[in-house]
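Here is a set of short exercises to work through with the structure open in your viewer. Try each task first, then compare your result with the solution below it.

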Amino acid sequence: MTHGANPARMHEISDETTAIVDLVLAYSRERLLATENPLDKPLPPAELARLAGRTISEHGIGARKALSTFEHVLAPSCITTDDPQYLSFIPSAPTKASAAFDVVVSASALYGGSWLEGAGAVHAENEVLRWLAGEFGLPATAGGVFVQGGTLGNLSALVAAREAARERGVRPDRWRIVCSVEAHSSIASAARVMDVEIVSVPSGDDGMLRGTAVRDALSTHGDSVFAVVATAGSTNFGIVDDIASIAEVTAEFGVWLHVDGAYGLAAMLSPLARHRFAGVESADSLVVDPHKWLFAPFDACALIYRNPEQGKRAHTQHAEYLDTLTETGDWSPSDYAVHLTRRPRGLPLWFSLATYGAAAYRDAITASLELAQRIADEIDERDEFTLVRRPQLSAVVFERNGWQKSDYSVWSSRLLDQQHAFVTPSSHRGRTNARFAILNPRTTLEHLTAILDTM
Ligand SMILES: *Cc1c(COP(=O)(O)O)cnc(C)c1O
């Protein structure tokens, strides 16, 4: 230790810590309430390094300088994902209540792994999970945990599915997962991690996986299939598989049905889209990402099991120092996924839902569904565009007639350079296209038509 140094300097309440907290909260308040926020864009690594300079040193640069570097150099090099004209990938649009409450979650040093340490937080998270399960038609005994993202949620559910098959005494030479060719890349990632094989089943021309195709795959591969994954809103097109017909087949074969609704399942909250998800109530497990269309900050995925015991049997970690937690019957979120230490990342959603009520969520989701239909009509009416598929949810994919891949790239870069919008090219069956992923309630028809005008 440096002679005369105070080892508690960074932790104790002093003039220094008070000034730091005030500085950071003032910045947070300003960002949360900002009405004009540039879209921003990444700088090349060398330029960023030059502008940021060296910030880590033996004695620190101080909070004022560090925050100033963040505000003026680092933050402007991060795209504003909650901008209404961020329309790429899947945007993020946290409600103000959820984003503000995320500050509280950090400030309170909450631990969300065990009932013993975080009962109050776990109770509130579980209320949200139960509410979601009810919306999806699962029984009141369903439950699960908020994990980091859909990728980890899908992996955890599939691990539980395989464990359930093992418990039934199934011992194939090779384990298999059946899913659509349009399933999300995280299913293939889970298969690699688990060292199992993917059976990719062709979807119809409309992109939907159906029970008949799943039946063929199950007949061919028999017992080696431990799970069928139905996609409730593909990421590229927002296509919902025919879950009801798939559920009939998985019930008949006694195979675990997992529903990947990371992006799309939130749309079930809207009366406009609810009918598309018939069959979800039969899922053995499902995921939906609050950081996508449930308007929560990064990063959160709700993973729900029909029978949470199956998640627990697959995932509980055992260690001498943990016995005091695992030998009780308490509900500990750590037990339901591939993780141990966790922040209660479901709390921002809980606070926001409690604040505004579920109807506000239904209205916000409905608005995006309607906007997607209106811009699809507009695209249909313009001679220079072709709609690739009629949108089911809120992803609108279209081509600018006559454009090559390079035209889309140049146009997309220009839109971002001009700080107009963030719309990256996508592709389907080898053809480049443009895609609007609409879920920010502040996105308007005028925003979207003005972007079409630039093409
Ligand atoms: C986004 C998405 C995922 C992955 O979720 P992350 O939170 O990004 O890990 C999985 N499946 C679907 C359908 C998605 O849209």
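**Exercise 1. Two helices side by side**

Task: Find out at what angle helix α13 and helix α15 pack, and which residues make the contact.

Solution: Keep in mind that this is a predicted model. Start with the axes: α13 (residues 358-381) and α15 (residues 445-453) pack at about 30 degrees, and their axes are 10 Å apart. Next, classify the angle: angles under 35 degrees count as roughly parallel, so α13 is roughly parallel to α15. The crossing of this pair is right-handed. Now look at the side of each helix that faces the other: α13 brings L371, R374, I375 and E378, while α15 brings L445, L448 and T449. Sorted by class, the residues of the α13 contact with α15 are four nonpolar, one polar and two charged.

**Exercise 2. One helix, two partners**

Task: Describe how α6 packs with α7 and how α6 crosses α10.

Solution: Take α7 to begin with. Helix α6 (residues 150-167) and helix α7 (residues 185-194) pack at an angle of about 50 degrees, their axes 9 Å apart. The two helices are therefore oblique to each other, and their crossing is right-handed. From α6, the residues G150, T151, N154, L155, L158, V159 and R162 meet S186, I187, S189, A190, V193 and M194 of α7. This contact of α6 with α7 holds seven nonpolar, five polar and one charged residue.

Then turn to α10 (residues 308-315). The axes of α6 and α10 come within 8 Å and cross at roughly 90 degrees, which makes α6 roughly perpendicular to α10. On α6 the contact uses S156, V159, A160, E163 and A164, and on α10 it uses Q310, G311, R313, A314 and H315. By class, there are four nonpolar, four polar and two charged residues in the contact of α6 with α10. Note V159: this residue is listed in the contact with α7 and again in the contact with α10.

**Exercise 3. The seven-stranded sheet**

Task: In what order do the seven strands of the open sheet lie, and which are its edge strands?

Solution: Trace the sheet from one side to the other, and you get β1-β7-β6-β5-β4-β2-β3, with mixed pairing. Check the ends: β1 (143-147) and β3 (197-201) are the edge strands, each pairing on one side only. On average, neighbouring strands here are turned by 20 degrees against each other, direction ignored.

Zoom in on the β1 end. β1 pairs with β7 (residues 301-305) in the antiparallel sense over five bridges, and the bridge partner of G143 in β7 is Y305. At the β3 end, helix α8 (residues 211-221) lies across β2 (176-180), β3 and β4 (225-231), and α8 runs at about 145 degrees to β3.

**Exercise 4. The four-stranded sheet**

Task: Work out the strand order of the open sheet of four strands and how its strands pair.

Solution: The order is β8-β9-β11-β10, and the pairing is antiparallel. The edges are β8 (385-387) and β10 (425-428), each with pairing on one side only. Neighbouring strands of this sheet are turned by 45 degrees against each other on average, direction ignored.

Go through the pairs in turn. Three bridges join β8 to β9, with T386 bridged to E399 of β9. Strand β9 (residues 395-400) then pairs with β11 (residues 431-437) over four bridges, where F398 has A434 as its bridge partner.

**Exercise 5. The ligand shell**

Task: Which of the 13 residues around the ligand come nearest?

Solution: The nearest are G149, G150, T151, H184 and A262. Two of these names are familiar from Exercise 2: G150 and T151 are among the α6 residues that meet α7. Sorting the whole shell by class gives four nonpolar, seven polar and two charged residues.

**Exercise 6. Unusual backbone geometry**

Task: Where does D299 lie, and what kind of peptide bond joins F298 and D299? What is phi of F89?

Solution: Recall the background: most residues other than glycine have a negative phi, and most peptide bonds are trans. F298 and D299 are joined by a cis peptide bond, with omega about -10 degrees. D299 sits in the loop between β6 (285-288) and β7. Phi of F89 is near 45 degrees, a positive value in a residue other than glycine. F89 is in the loop between α3 (63-74) and α4 (96-107).

Notes: Residues are numbered from 1 along each chain as its sequence is written. This is a predicted model: local features need pLDDT of at least 70, side-chain atom pairs count only at pLDDT 80 or more; totals for chains, interfaces and linings use all residues. Axes are lines fitted to C-alpha atoms, for helices over the stretch in contact, and angles run from 0 to 180 degrees between N-to-C directions. Angles under 35 degrees count as roughly parallel, over 145 as roughly antiparallel, 65 to 115 as roughly perpendicular and the rest as oblique. A crossing is left-handed if the near helix is turned anticlockwise from the far one by less than a right angle, and right-handed if clockwise. Two residues are in contact if their C-beta atoms, placed from the backbone, lie within 7 Å. Ala, Val, Leu, Ile, Met, Phe, Trp, Tyr, Cys and Pro count as nonpolar, Asp, Glu, Lys and Arg as charged, and the others, Gly among them, as polar. A residue is near a molecule or strand if its C-beta atom, placed from the backbone, lies within 6 Å of it. Two strands pair if DSSP finds at least two bridges between them.
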